[in-house]
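Here is a quick walk through a protein model, written for someone who would rather look at side chains than at statistics. Keep the viewer open as you read.

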Amino acid sequence: AIVMAVGALLVLALAPGHEAKAGVATIAGTMAFNTFVVAQFFNILNSRHDHHSVFNRGTLRNKFLWISLSVVLLLQVAVTHFGPLQNLFDTASISGGQWLICIAVASSVLWAEEIRKAITRFTRKESNSWFCLHNTAVKMCGRDGNIGQIISIWILLNSAVSKKDHS
């Protein structure tokens, strides 16, 4: 939410044209509005899974999701470029380049979440590796094995895993 808000406010502050005012259609206000809506588009993709990347085949398989997102984007284009809807929403037509700026800034939501997911996957993998090594060492020594045996086996397994990772 913070990334989305900061992005929309930056676009609002840096967009060309007159300063945005309530009830007045401006390019800056329209670009900020579009940035916020497109950021929600990316947020929907992000929320499909807590740990897996958006960039997988599963994302493409949900046709109802893509139909819904397409309708939202078409409606947003209509709100931005169709006269009666422009009057209703106080929007102004923007150029293709301005749309690209909105999309690029809005995509920061996607990239920030992808980074968070990658860190989560990495840290989970690291903690799972340690847990697996520990369990393997305990199993090899048996439940009655002494702590010295368990530590020795754990060190051997850990060094084997480390050598495998570096080769």
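Searching the whole structure turns up 1 salt bridge, meaning a side-chain nitrogen of Lys or Arg within 4 Å of a carboxyl oxygen of Asp or Glu. The partners are Arg116 and Glu113, with their closest N and O atoms 2.7 Å apart. Both sit in helix 7, 3 residues apart, or about one turn of the helix. An α-helix has 3.6 residues a turn, so residues three or four places apart point the same way. Arg116 is partly exposed, at 31% relative accessible area; buried here means under 20%, exposed over 50%, and partly exposed in between (1.4 Å probe, protein chains only).

A word on the ground rules: this is a predicted model, where local features need pLDDT of at least 70 and side-chain atom pairs count only at pLDDT 80 or more, while totals for chains, interfaces and linings use all residues. Residues are numbered from 1 along each chain as its sequence is written, and side-chain values use heavy atoms, leaving out hydrogens and water.

Now the overall build. The protein has 8 helices and 0 strands, counted as DSSP runs (H or I, at least four residues, for helices; E, at least two, for strands) and numbered from the N terminus. Of its 167 residues, 28% count as buried. Among contacts (heavy atoms within 4.5 Å) with a separation of 6 or more, 59% join residues 24 or more positions apart.

Which side of helix 4 is buried? Leu65, Leu69, Gln76, Val79 and Thr80 are the buried residues there, and because they cover an arc of only 95° around the axis, they fall on the same side of helix 4. That arc is taken from the directions from the helix axis to the C-beta atoms. Their cover includes helix 2 (27-46), helix 5 (83-89) and helix 6 (96-106). Facing away from the buried side are the exposed residues Lys63, Phe64, Leu74 and Leu75. The length of helix 4 checks out too: its 19 residues (63-81) should span 27 Å at 1.5 Å a residue, and the end C-alpha atoms are indeed 27 Å apart. The expected span is 1.5 Å times one less than the number of residues.

Next, the nonpolar cores, that is, sets of buried Ala, Val, Leu, Ile, Met, Phe, Trp, Tyr and Cys residues joined through side-chain atoms within 4.5 Å. The largest has 12 residues, including Met4, Phe41, Phe42, Leu65, Leu69 and Leu110. Helix 2, helix 4 and helix 7 (108-141) each give two or more residues to this core, and helix 2 provides the largest share, 5 residues. Apart from it lies another core of 7 residues, among them Ala15, Ala28, Met31 and Trp99.

Helix 2 holds both Ile27 and Thr35, and here is how these two compare with respect to exposure and contacts, setting aside neighbours within four places in sequence.

| Residue | Relative accessible area | Contacts |
|---|---|---|
| Ile27 | 27%, partly exposed | Pro16, Ala92, Ser93, Ile94, Gln98 |
| Thr35 | 1%, buried | Gly7, Ala8, Val11, Cys102, Val105, Ala106 |

Ile27 also has its C-alpha atom 7.0 Å from that of Ala15, 12 residues away along the chain.
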